[in-house]
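Work through these exercises with the model open beside you. Try each task before you read its solution.

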Amino acid sequence: MHYSRKMGNVEFRYSIMETQPLRKMSIGKPGWAALCLLGVCLAAARPVMAGAPVRDEPIQPLPSRHEQDERKVALGRMLFHDKRLSKDDSLSCAGCHPLAKGGMDGKARSAGVGGAEGTINAPTVYNAGLLLAQFWDGRAQDLEEQINGPIKNPLEMATTWEAIIPKLELDPEYVRRFGELYASRVTAEAARDAIACFERSLITADSPFDRWLRGDETALGAAEKEGYALFKSYGCVACHQGANAGGNMFQRMGAMGDYFADRKTGLTPADQGRFNFTGREEDRYYFKVPSLRLAALTAPYFHDASVDNLPDAIRVMARYQLGREINDAHVEKIAAFLKALPGKHQELSQ
Amino acid sequence: MKFRFAGWMQYLLLAATVLVVMLFFQNRAIDVEQHNRRLDLLLHLTESEGALDRLVLLTTFFRLNQYDPFVDKTQRVRQLFAEIEKTGAELKGEVGIRFRADLAEYLDAMREKLRLLEQIKSKTALVRNGLHYLPLAVKETDALSPLLNELLYCTLFPTDANLHNLHNLIDKAKPPAATTGTGLDAFNNALFHMRANLRLMGELAELRDSYTAVPSRERFNSLQHAYAGAYAHLTQRSELYSLLLLALTVALFTGLGLALRKNARSRAAAEHSWEQLHDAVESLSEAFALFSSEGRMVLCNKRYLEFYPWLSELLQGDATLDEIFRQNTLFARLRLTGYEGSKLPVYFPELAKGGTQTYLEQYEDNRWYLASDTRTSSGEIACVRFDISQGKKTEQELRKLYRAVEQSPASVVITDTQGRIEYVNPKFEETTGYAAEEVLGQNPRLLKSGDKSEKEYQELWSTITSGKVWRGQFHNRRKDGTIYWESASISPVRDYDGVITHFIAVKEDITAQKRAEDQLRLNATVFDTTTEGIMVTDADNRIKSVNPSFTRITGYLAEEVIGRSPRMLSSGRQDTQFYEELWRQLYKRGYWSGEIWNRRKDGAVYPEWLSLALILDEKGNVTEHVGVFSDITQRKADEEQIRYQANYDALTGLPNRSLLEDRLDRAVAGARRERSKLALLFVDLDHFKTVNDTLGHVVGDELLQQATGRMRVCLREADTLARFGGDEFVILLDDVRQAEDAAEVAKKIIDAMSKPFVLGGRELFVGASIGISLYPEDTQETAVLLRNADMAMYRAKETGRNRYQFFTFAMNEQVYQRMEMERNLRTAVDRDELFLCYQPIVDLQNERVVSVEALLRWRHPDEGVIDPDRFISLAEETGVIAGIGLWVLRQACAQAAGWRRQGIELAISVNVSPRQLTAGLRVDQIKEILAETGLPAAALKLEITESLMLQADTTLDWVDDLRELGVGLSLDDFGTGYSSLSYLKRFQMDILKIDRSFVSGLSRHQGDNSLVQTIMAMAASLGLEVIAEGVETQEQLGVLRQLGCRYIQGFLFSEPVVQESLLERVGAIQADFHRGFLSSDSG
């Protein structure tokens, strides 16, 4: 009954508690009364939270709860962890996006089916639902479209839905759940929907920074607050803004300096960025600005994973995106601020 | 014409209806709901576009500090794209094409905006980032503060003049004179950022202009305008369609009204003509009914009701053809028949279209209706029925009479007054052999046989033409020429006026009657002349008559037996029970046959085959018994002979195998009952095969007969001696008290068989091996008893012939071992288990070893070294010998050649089994081996046995080839077989080997050495060398030396040794000679 119960096991119990009485009730008067009361409580709770004063900052708090159907989320979670989604039943989505470890595997290039090596650094799945588009180059409009990418990529799961569906149909649990939730057999469309639902539920809410935004002055220490101030004054915030601290625009890698020339490792096709998708010259070296929400947890950094620690990442960004150097003290403070960005989620262990 | 008009009307109506339906759907094509949704979506899109424009404006003026609102809006816009495109695709026709084209243009503009928007976001971020940082950068170098202010001013009011001014200022900006080092760096850095910012601001302004220049608004308006116009047009058209729809509907209803009126009028006309038709139908004398095309009755007349009284109820109501047919069948047992060749009706509804079917209906009360069903051109069915019952009745009467004539047992001929045949019945055809068509129109005279006079015929004619009946007999001729007797009655037929129109002759064939008389005569003759005795007795079983054969067989004359009972013939051998059974069967089945012993008049008893039969009167009472019998004395004797032959061996007269088995079964059963013992002796003659092969079958047969005689005297009367096959005999000893009894018999037989047989003028030693099995000790089963005895016999043979052997259970084990050994033997060569030993052959004259005999040994993995005695015969039986033999030959030759290369010249002897020859040991194989090993042919001696020589022809060729090759041949085991000198000559042997059995008997003192002496003499005369085998003692050596035997082989010199020890052994022998141990005077 309590609105704030939204985490982990508590959430689970919540749903049990609410459904059990419903079943037992022979829809008598007391039952209807309880339902109405619940409705009133929920309706009343929402405006209160939405109306809570939030600081007017370029970075906004993440929504406290997701809007997804819990049963679809559960099904999506099953599929997300199901290795049958790969050619040789060896790799699930979670293989490269382990949820307990920040939603990515911490490798520069993830290993696909048969040990194949990917071409670009795997981003986190957390808060992915808030991104303006999917993949570094934004070639997928939404999560549903994105899922086809790794499934079909010969360097990743290397399979097709035509191959996956018959395998899933052998599993009575899937047949039952798809039947209940989609009134259909196991289909690619439904599977994508379920996985996307699950991914949209992966919101790392209630971070120290968000609590600060919502008015809790004690949520951040001095260093973190200073770090945020520097983050803004150096101009980082121009790109890394919004609830996701990024992820809502594209930007050139090396806006104020030639990053790729200095990197000295030669250009890879992936370095072309959004150009690969649009074919427009104006998009060459443009990438989706990544969210910094879990940056503290998801080293290595950048699409090419060229940096493996946060301070260096901050320095590189300053040099090539802002056209300046930042002293170590400031770097440290900005890093402290970034560490206040990750929120909580039952899948995420911290 | 009318029909055509109606057709046109129909088409018109149909066309109108289709038009109405089309119009209706055309109107529905405009879906207002979709239209509204489309408009809604467009509205939403343009709203969202406005929102985006607003956001862009805010962004470019840095009024927006984060881009999340963009994300929501652009995603919303993209969704709307998809939805609008979907509704666009649903729009049909010209309007749809136009709409989609306009929409595509509009969406292109929108997408362009979205593209620019993203660029604006990126650029703005960079500018913002500069604006954020510049104050910090400038702070480090005060000189640039005014410039910064100028820049911020420009940001707020980015007019061309301002920007131009700022460019100039930045270009002219110089660091303060005193600044060096970090200060200068900071200055340059700030300047760099200012320049960059200025450039970016310019780019941003351009992007913003491009964004606002995108003609999305115009395109949206043109889209909306065009769509609204098209929609209005559609709506107008829809109204037009509605009007058309209304007009058509009114027209349809008018048409309908007219049609109804017309229909009413034509119905009145139809009713009128209906009445007319009805009257016409009623006046018909035939029954008439009309059915609709579906088979429903339309009308019927009164006659119809009269014709089918049982249908009255049905015809009141709703009658159908089917139902009428059903009730006709049910209530009046309707039967349908074809009429004058027409087919049976294919009943409604199958009645052929437009055709007529005619058939007859017959009912159980003898009503007959001629039915005619016609399908009219309009599809109705008209049924007409004529009552033909009266005609049918007459027809049936006639048919009966006709039938009587047809079936008459007498011939019937009808002629006209001229005598021309008009009709003959089947009996006539049968009697005369003429078919009706052959005689119709002919005069009956054609049957004349010619033995009736013309006068008699004239008399016949005058009688019948005068109207009287003539009766008499004809002696006529059939078609096939045979003559027959006929009694005839010919009468005239008159018409109403009393004029004779026809003559009818009724004739009976009396030939059979005449023939029966002949038959009786014939039967009497048979009775008198048959060789079988016949006796007829009356119901009281008193003899009525007998035939001459009766007298011949029994000796009794007819007068001696007539009136007496047949019991007088009884021999008394059958008891009363037998006769009772005989009579019972005779009366039950009407006959009896069987064997019976009777007594002749002279008192002799004889067997006869008697067949008895009953003769019954018409009431089934027995009037007489007939007995036919033949003397079967001779046949019985023949049967006995045959039985004997089936069970006894023709040669020896002994029970054969089948009789033996029969007796054995009985004996075992008896022994089981009596709890007594049985013994079975399996006797096999030793060397029988050799006798048969060498001396011929006549001698062999004689031997078997003599052996039989000898064995017989050793047995008791109750014992069975049987020939089991070939040279095998089986003796069944009934009721033995103990095993020793059987052994006693076996010993006697062996003794008897050991004595020489004199056959074809010569003495032969044969001997016998006997196996004994006992009941019940060994087994309870007869078959096993035989098998055990057989096994024991083989064992006796194996252990040295001419002896007996009781079966032991160990033998079963041995048989198993034999199989096991066979299995091992097959792989022995491959597993390298065979090896050769060599026994030196010494030349006494030169006092040296000249040769060695290769002897095969088998190193069995489990049993150690096995002697050839134990496995060679097995190898021969199983054919393995072929492979082993070749191996031995190759090995021995290789070894001898090896010694030769060492300078030791030894010849080598290798044994060749007869089976090897039959298994195909070819001379060219031997030649090949010699070539292979490099051994000279003269150094190889093949040792063959006498039995090999018995295979005569093939061996002869083989030996010839060998001799040509230069290989030596020695005859092994000489003296043990039945070799004759002629063989030795024919086969051109080089060497004779005297068998060890002769050598072992040699003694200096006994002086009975004549056999060896004879062999020596014979060999000398044939120019053969002689080797004495098995020499073990100095004494034997001495005798042999004395007899002039040059070559010696035996333990005295050396046992067979392995190749490694041989040379050493040879050396030792040489040394012994040198030392004089073995010289002539040393014994």
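Five exercises follow, each with a worked solution.

This is a predicted model, in which local features need pLDDT of at least 70, side-chain atom pairs count only at pLDDT 80 or more, and totals for chains, interfaces and linings use all residues. Residues are numbered from 1 along each chain as its sequence is written, while chains are lettered from A and ligands numbered from 1 in the order in which they are written.

**Exercise 1. Confidence**

Find the stretch of chain A where the pLDDT is below 50.

Solution.
- Start with the term: pLDDT is the predictor's confidence in each residue, from 0 to 100.
- Take the whole chain. Chain A has a mean pLDDT of 84, and 85% of its residues reach 70 or more.
- Now locate the stretch. The pLDDT is below 50 over residues 1–51 of chain A.
- Read with care: where pLDDT is low, the predicted coordinates should not be read in detail.
- Turn to chain B. Its mean pLDDT is 84, and 94% of its residues reach 70 or more.

**Exercise 2. The interface**

Determine which element of chain B gives the most to the side that touches chain A.

Solution.
- Define contact: the C-beta atoms of two residues, placed from the backbone, lie within 7 Å.
- Count. In chain B, 24 residues are in contact with 24 residues of chain A.
- List the elements that give two or more residues on the chain B side: helix H3 (68–90), helix H4 (93–139) and helix H7 (181–213) of chain B. Helices (H or I, at least four residues) and strands (E, at least two) are DSSP runs, numbered from the N terminus.
- Pick the top one. H4(B) gives the most, with twelve residues.

**Exercise 3. The largest core**

Which element gives the most residues to the largest nonpolar core?

Solution.
- Define buried: 20 or more other C-beta atoms lie within 10 Å of the residue's own; exposed means 12 or fewer, and partly exposed lies in between, with C-beta atoms placed from the backbone.
- Define the core: a set of buried Ala, Val, Leu, Ile, Met, Phe, Trp, Tyr and Cys residues joined through C-beta atoms within 7 Å.
- Look inside. The largest core has 128 residues, and those that touch the most other members include Tyr234(A) and Ala190(B).
- Name the element. H4(B) gives the most to this core, with 15 residues.
- Follow one member. Leaving aside neighbours within four places in sequence, Tyr234(A) is in contact with Ala318(A), Leu322(A), Ile326(A), His132(B) and Tyr133(B).

**Exercise 4. Three strands**

Trace how S10(B) pairs with S9(B) and with S11(B).

Solution.
- Two strands pair if DSSP finds at least two bridges between them.
- Strand S9 (residues 470–477) and strand S10 (residues 483–494) of chain B are antiparallel, with eight bridges.
- S10(B) also runs antiparallel to strand S11 (residues 500–509) of chain B, through nine bridges.
- Use Glu486(B) as a guide. Phe474(B) stands opposite Glu486(B), and Glu486(B) stands opposite Asp509(B) in S11(B).
- Check the turns. Gly481(B), between S9(B) and S10(B), has a positive phi of about 95°. Gly498(B), in the hairpin of S10(B) and S11(B), has one near 85°.

**Exercise 5. Two positive phi values**

Phe135(A) has a positive phi. Is Phe135(A) buried or exposed? Do the same for Lys264(A).

Solution.
- Phe135(A) has phi near 75° and is not a glycine.
- Phe135(A) is buried, because 20 other C-beta atoms lie within 10 Å.
- Lys264(A), also not a glycine, has a positive phi of about 65°.
- Lys264(A) has 6 C-beta neighbours inside 10 Å, so Lys264(A) counts as exposed.
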